[in-house]
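Good morning. I will walk through one model today, a few residues and elements at a time. Please have the sequence and the picture open.

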2 protein chains.
Amino acid sequence: MRAFFCRPGHPMRTHYCGLIDESLIGQTVVLCGWVDTLRLQSHVAFIDLRDHEGIAQVVIERDHAEAFKLAADLGYEDCLRVTGTVRRRLSINEKLRTGTVELLADTVEVLNAARDLPFALHEQPNEDLRMTYRYLDLRRPEMQRMIRTRIRLVQALRRYLDARGFQDIETPILTKATPEGARDYLVPSRVHPGKFYALPQSPQLFKQLLMMAGFDRYYQIARCFRDEDLRADRQPEFTQLDMEFAFVEERDVQDFVETMIREVLKEVAGIALDDPFPRMTWAEAMRRYGSDKPDLRIALELVDVAHALKAVEFKVFAQAAHDANGRVAALRVPDGAGMSRKELDTLAEYVGRYGAKGLAWIKVDDPAKGREGVTSPVAKFLDDAALSALLEATGACAGDIVFLGAGKWKTVTESMGALRLKVGRDRGLVEHAWKPLWVTDFPMFEYDEAERRFVALHHPFTAPKVDDIDELNANAAIAVSRGYDMVLNGNEIGGGSIRIHRPEMQRAVFELLGIGAEEAEQKFGFLLKALKFGAPPHGGIAFGIDRIAALIAGTESIRDVIAFPKTTSAQDLMTDAPSPVGAAQLKELHVAVTAAPE
Amino acid sequence: MRAFFCRPGHPMRTHYCGLIDESLIGQTVVLCGWVDTLRLQSHVAFIDLRDHEGIAQVVIERDHAEAFKLAADLGYEDCLRVTGTVRRRLSINEKLRTGTVELLADTVEVLNAARDLPFALHEQPNEDLRMTYRYLDLRRPEMQRMIRTRIRLVQALRRYLDARGFQDIETPILTKATPEGARDYLVPSRVHPGKFYALPQSPQLFKQLLMMAGFDRYYQIARCFRDEDLRADRQPEFTQLDMEFAFVEERDVQDFVETMIREVLKEVAGIALDDPFPRMTWAEAMRRYGSDKPDLRIALELVDVAHALKAVEFKVFAQAAHDANGRVAALRVPDGAGMSRKELDTLAEYVGRYGAKGLAWIKVDDPAKGREGVTSPVAKFLDDAALSALLEATGACAGDIVFLGAGKWKTVTESMGALRLKVGRDRGLVEHAWKPLWVTDFPMFEYDEAERRFVALHHPFTAPKVDDIDELNANAAIAVSRGYDMVLNGNEIGGGSIRIHRPEMQRAVFELLGIGAEEAEQKFGFLLKALKFGAPPHGGIAFGIDRIAALIAGTESIRDVIAFPKTTSAQDLMTDAPSPVGAAQLKELHVAVTAAPE
């Protein structure tokens with residue numbers, strides 16, 4: 001294959017390094033690329049010349065005196081242009097795609113030298129160095145592969161949606177501040193003193209308005225922004241595949257995007273996903289896995305055992321077992337009886353982070369022997385009936401360990417769910433497989449104890465299952481929404497819902513969320529207005545592109561599939577952003593800094 | 001064609017309104033859409049039901065009592081779901097794609113009513129109303145057509161580039177402030193008090209870094225931001241097709257993108273562009289057209305006539321003719337001799353806006369008769385030889401008018417260039433055609449009289465034609481750059497350059513621009529560093545997507561091809577952005593407002 005850009009008579013290069021082959025033997029070619037490795041011998045120099053397609057071996061013989069002399073001064077990552085003749089290699093290098101041929105150099109030109117490299121490309125340096133010299137980090141073939149996997153993912157998604165009549169529409173980045181959810185990034189207006197734009201947390205309302213505008217089916221690879229305290233794997237700006245459909249119900253959206261994800265992941269990464277995806281209500285997911293995004297690669301499941309422990313004397317168990325808002329859950333770990341005291345202490349400390357006050361356990365030697373057959377600090381608090389009911393409910397076998405959590409429903413569910421994941425990972429119980437899942441029937445609201453009010457579990461535009469406003473008001477605490485999440489291997493890769501499309505229902509939901517009529521008008525007046533003009537039923541979903549790309553590229557970190565990511569303290573170490581700006585510039589924007597710089 | 005989303009047994013709709021046809025006659029279908037028009041008669045009601053594919057006529061007969069009764073209460077833009085049987089129309093409506101059939105309604109359901117519409121969709125209201133109710137404005141078929149033209153343009157460009165190995169890579173929106181050029185939008189950092197991100201004016205440096213990272217060929221449909229005082233057709237955020245190529249020279253880039261634009265505009269809009277595009281240096285464009293983006297649809301050209309007027313007594317002409325920085329230019333307008341005093345006054349006022357002190361003119365009755373054959377306020381200042389040399393140089397014929405501009409080169413060139421466009425447009429001299437053009441060989445620098453320093457004509461990363469730094473320093477004022485613009489019908493639709501890829505040259509250019517070593521290090525240290533590690537020769541271009549879309553959609557305003565544009569005062573009238581934000585939020589961001597709100 002000839003290189004893309006070459007004008008007859010004046011080629012900067014004629015071929016790509018990584019693509020020369022036996023069909024070129026005897027021909028004169030011009031290659032451009034970087035010195036990947038360099039071996040100097042007394043009569044010959046070997047250069048592995050690298051471009052984005054791969055590596056070609058360049059041979060400089062001593063009788064090409066000028067080139068040979070130059071070779072002695074070359075260094076790693078020098079950028080070269082080499083003219084020469086392709087010939088067959090004496091010893092084939094089977095690791096290289098070009099391993100049967102090499103380029104006998106005629107002339108070698110240094111297009112640009114590389115000096116004082118901060119790290120060798122054949123090693124992986126620490127992350128700060130990688131970020132500071134990102135352009136060097138990205139030259140490494142592994143980084144090229146991961147970034148290109150992301151590119152192919154996005155291409156395949158676009159192709160899929162373009163072919164099916166979806167309209168790729170750009171929505172604004174300079175938008176109105178939205179009060180719900182994460183913090184907005186703000187942009188002061190120069191033209192309108194004291195006013196600010198906000199960077200969008202998602203194009204949610206714009207895509208709903210596009211449905212009201214009659215575009216029927218929309219998608220966008222959309223940049224979104226959240227000014228949150230970054231956890232290990234969050235970025236202040238991230239990318240989602242944003243989609244919306246008019247005149248649909250939830251199964252229309254789900255069936256369409258399930259097929260899309262299955263076909264695209266097959267095409268891009270050769271991944272075969274279940275057909276159809278398993279489906280689970282939120283309540284079932286929390287009950288069985290202690291998570292709204294269960295990782296089904298781990299077979300362990302929580303078991304509710306309150307029925308077995310209602311009558312025991314041990315108050316921690318009995319109280320929780322009787323509490324309507326309580327939970328007593330068990331997790332059986334096969335072959336876990338050998339866990340050391342230290343391991344168990346570590347696990348107790350771990351669930352403590354999720355609010356659990358302790359972690360009870362029962363090591364099972366012989367379940368048939370009852371009390372005699374187990375080792376457990378809590379066995380003494382359990383009567384024989386309770387113990388055997390417990391062992392039966394969990395299906396405990398000889399050699400297993402059974403963990404018990406008791407307390408408030410939320411604490412037990414979250415801590416036992418976290419325990420399930422940790423034990424599953426630590427003990428190598430994660431199946432090597434792709435496990436997708438739909439989670440549906442989320443609660444409409446969650447009660448925020450601190451703020452003493454309802455907050456939306458998805459967002460305030462999610463439709464409730466009930467159509468009747470009085471019914472919703474009467475049963476708000478247990479209302480179920482029309483939201484749905486797509487989960488893959490324990491990651492929420494997509495989330496969406498059918499939206500509210502009637503103004504009265506939207507007002508009612510705002511009120512339940514503590515957004516009064518006046519505030520609603522001020523913040524969402526345009527939406528309430530738009531709903532009055534024949535808004536169609538509509539719904540959609542958004543997928544996290546960074547996460548999906550990381551999953552299929554086989555990396556833990558989304559930073560590996562973002563060309564220029566930020567650190568966990570939201571800095572760009574390469575360009576040194578954010579940075580101070582001049583007083584004159586701030587004055588023009590009608591703002592002043594109120595805090596001393598760090 | 002069946003509608004996309006319909007589950008067996010439970011279809012929200014089965015077909016699109018605009019796509020029902022004779023193959024469906026006798027079948028039961030379900031349509032969803034909006035009431036486009038409504039005619040009630042005593043025994044029958046007719047509804048034109050509109051969706052994104054077009055219009056279907058729905059007929060409700062009186063014997064369907066419930067539906068007929070409901071029809072009486074319907075209004076324009078109500079959102080309906082109609083079930084019925086497709087039948088042949090008695091009188092074919094040839095204006096409609098579906099004009100041979102209609103839907104005899106069985107049931108009609110109002111999915112959402114539209115009440116108190118702010119304007120009728122069949123009229124075009126004033127722009128403020130359109131922007132405030134953008135979702136209604138976008139329902140109009142003309143707006144749907146224009147937005148969809150843009151979508152098809154972007155799709156075709158992506159397809160073209162994806163097929164040719166270009167890597168679509170996202171670059172950050174939260175970036176470091178760049179000092180050169182237009183004002184940045186700033187974003188205060190919460191985590192780093194007193195520091196700010198900037199929204200990118202373009203991904204210029206990131207795409208150069210991607211070339212240094214070995215990605216070889218890059219593109220992105222990139223959002224860019226400029227906080228400028230908006231002229232009629234500028235937007236604070238706009239979209240460009242951003243491209244970069246490694247190991248190329250200017251013709252490689254130009255030839256590639258010329259073919260791309262030709263093929264894509266052919267595919268998307270049936271436009272046939274010259275092959276190859278004409279090419280012109282910047283100097284020639286300024287000389288012949290008084291513009292660096294000449295509209296070649298207008299045949300009029302400027303003619304330099306200094307040689308004819310060096311000896312005349314009239315100082316305005318003679319001085320300019322002798323001044324090395326002066327210019328005397330003529331514009332002959334065929335058949336222009338009939339222009340009224342009022343028209344001429346208007347034109348004089350018009351060129352005044354470009355700094356011209358007046359506008360001399362000569363109406364030609366008979367060029368052979370010399371002084372006797374012309375009418376002109378300035379003829380008395382010209383001797384016979386000058387007058388006849390002037391008429392000869394311009395090729396003036398009977399009935400023509402010749403305009404004359406004299407003064408500083410810049411003022412004459414710009415004002416006469418503007419005059420050429422105005423006269424061409426006012427007199428209907430704009431050919432109905434597509435006229436592309438390459439403009440090349442731009443000056444490297446422009447001298448800013450106010451700031452008494454050089455500024456970059458493209459940007460500070462554009463390579464000069466000379467490779468030698470001493471030569472550049474010695475001849476900076478007349479140095480030519482490796483920049484190039486693609487012009488279409490008088491619009492600069494694309495601009496690019498070969499970039500500087502050696503650190504020494506980049507430092508030299510920074511210095512010529514008055515950016516000292518310290519400032520360069522602080523602002524562009526990362527670039528200067530990156531250039532030291534084997535940066536390849538590279539170059540690229542960026543195309544204005546909004547402008548190209550507007551051109552091929554046949555609209556003057558880029559706002560017509562942006563779903564949610566902002567006004568000329570950078571407001572979103574629909575959502576009311578920008579808007580005030582709370583003090584607590586600002587405190588978190590370590591900023592305070594310094595000006596009283598407007």
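**A buried aspartate in chain B**

The side chains of D137(B) and R130(B) are joined by a polar contact of 3.0 Å. A polar contact here is a pair of N or O atoms within 3.5 Å; within protein, one must be able to donate a hydrogen and the other to accept it, and residues adjacent in sequence count only if both atoms are side-chain atoms.

Before I go on, this is a predicted model, where local features need pLDDT of at least 70, side-chain atom pairs count only at pLDDT 80 or more, and totals for chains, interfaces and linings use all residues. Residues are numbered from 1 along each chain as its sequence is written, chains are lettered from A and ligands numbered from 1 in the order in which they are written, and side-chain values use heavy atoms, with hydrogens and water left out.

Back to D137(B). It sits in helix α3, residues 134-137 of chain B. Helices (H or I, at least four residues) and strands (E, at least two) are DSSP runs, numbered from the N terminus. A second polar contact, of 2.7 Å, links the side chain of D137(B) to the side chain of R140(B). Is D137(B) buried or exposed? D137(B) counts as buried because its relative accessibility is 0%. The cut-offs are these: buried means under 20% relative accessible area, exposed over 50%, and partly exposed in between, with a 1.4 Å probe and protein chains only. Not counting residues up to four places away in sequence, D137(B) touches F119(B), R130(B) and M143(B). Contact means heavy atoms within 4.5 Å.

**A covered helix and the core**

Staying in chain B, look at helix α16, residues 545-553. How many of its residues are buried? Nine of its nine, so the cut-off given earlier makes this helix mostly covered. Among the buried ones are I545(B), D546(B) and R547(B). The cover over α16(B) includes the helices α4 (141-162) and α6 (250-269), and the strands β10 (237-246), β20 (483-488), β21 (491-498) and β22 (538-544), of chain B. After α16(B) comes G554(B), with a positive phi near 80°.

Now the largest nonpolar core, which has 194 residues. A nonpolar core is a set of buried Ala, Val, Leu, Ile, Met, Phe, Trp, Tyr and Cys residues joined through side-chain atoms within 4.5 Å. Which members touch the most other members? They are M243(A), M260(A), M243(B) and M260(B). Leaving aside neighbours within four places in sequence, the contacts of M243(B) include F166(B), F256(B), M260(B) and F543(B).

**Annotated positions in chain A**

UniProt, in an unreviewed entry, has a "binding site" annotation that covers residues including R226(A), E228(A) and G544(A). Another "binding site" annotation from an unreviewed entry lists E180(A), R226(A), H458(A) and R499(A). UniProt positions are in the numbering used here, feature names are shortened, and annotations may be inferred rather than shown by experiment.

R226(A) is in the loop between β9 and β10 of chain A. E228(A) is in the loop between β9 (217-225) and β10 (237-246) of chain A. R226(A) counts as partly exposed because its relative accessibility is 30%; E228(A) counts as partly exposed at 26%. Beyond four places in sequence, E228(A) touches A182(A), R183(A), R234(A) and, from chain B, R190(B). With the same exclusion, the contacts of R226(A) include A182(A), R183(A) and Y185(A).

G544(A) lies in strand β22, residues 538-544 of chain A. It is partly exposed, at 25% relative accessibility, and outside its neighbours within four places it is in contact with T239(A) and I493(A).

H458(A) is in the loop between β19 (453-456) and α13 (469-474) of chain A, and is partly exposed at 24% relative accessibility. The side chains of H458(A) and D485(A) share a polar contact of 3.0 Å.

**A barrel in chain A**

Last, the strands. In chain A, five of them close into a barrel in the order β1-β2-β3-β5-β4, with mixed pairing. Two strands pair if DSSP finds at least two bridges between them. Strand β3 (residues 54-61) and strand β5 (residues 101-112) of chain A pair in the parallel sense over two bridges. Opposite V58(A) stands L103(A) in β5(A).
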